[in-house]
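Got the model open in your viewer? Let's walk through it stop by stop, picking something to select each time.

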Amino acid sequence: MEKTATLNLRVSPDVKREAEQVLDRLGIPMSVAVTMYLKRIALTHGIPFPLTIPSAPSSVDVESMSDAELMDLIGKRASAAESKPGTPVSLARSELLS
C-alpha cells in the first residue's frame, strides 16, 4: 500500500458540515473527496473548475422594487447562475425586469 501524507485544514464548520452531508449521500468519505480533488489538480495542472470574478451590477435600485420583483430578480439570477457555472451573472436592471 502506498504511503500517505497528512493534511491539516481549517475550514468553516458550516462548510464542512454541508460538504459532509453531500459526500455522505454520495457514499464518499471526505478523505477520498479531497484525494480526488488533488488528483484532478495534478491532472489538469490547475484548479479543475473556472475561477471568475462576477461583474458587479452598475446599479440595482432595490428600494424602488416591490418584494415580488426583488424575489423574482433573485430567482432569475440564481437560475441563470446554476445553469451556466462559471459564467458571470448580469444584474443590469434592463435585463432583470424584462
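**Charged pairs, then pockets**

Start by selecting aspartate 72, which is partly exposed at a relative accessible area of 42% (buried means under 20%, exposed over 50%, partly exposed in between, with a 1.4 Å probe and protein chains only). Before you go on: this is a predicted model, where local features need pLDDT of at least 70, side-chain atom pairs count only at pLDDT 80 or more, and totals for chains, interfaces and linings use all residues. Residues are numbered from 1 along each chain as its sequence is written, and side-chain values use heavy atoms, with hydrogens and water left out.

Now add lysine 76. It forms a salt bridge with aspartate 72, the closest N and O atoms being 3.5 Å apart (a side-chain nitrogen of Lys or Arg within 4 Å of a carboxyl oxygen of Asp or Glu). The two are four residues apart in helix H3 (residues 67-83), so about one helical turn separates them. Helices here are DSSP runs (H or I, at least four residues), numbered from the N terminus. Lysine 76 is partly exposed too, at 30%.

How many salt bridges are there by this rule? The count comes to three, so keep going.

Next, select aspartate 14 and arginine 17, whose side chains meet in a salt bridge at 2.6 Å, N to O. They sit three residues apart in helix H1, about one helical turn. Aspartate 14 has a relative accessible area of 42%, and arginine 17 has 38%.

Stay in H1 and pick glutamate 20 with lysine 16: their salt bridge is 2.7 Å, N to O, and they are four residues apart. Glutamate 20 is partly exposed at 29%; lysine 16 is partly exposed at 40%.

Keep lysine 16 selected, as it also helps line the second largest pocket, together with Leu9, Val11, Val15, Ala19, Met30 and Val34. A pocket is an open set of points on a 1 Å grid over the protein atoms alone, where a 1.4 Å probe fits, with protein on both sides within 12 Å along at least five of seven lines; lining residues have an atom within 4 Å of a point. This one holds about 160 Å³ of space. H1 supplies the largest share of its lining, three residues.

Last stop: the largest pocket, with about 380 Å³ of space. Select Thr4, Ala5, Ser31, Thr35 and Leu38, which lie nearest its centre among 13 lining residues.

Note on methods:
Points joined across faces, edges and corners; volume = space filled by probe spheres on them.
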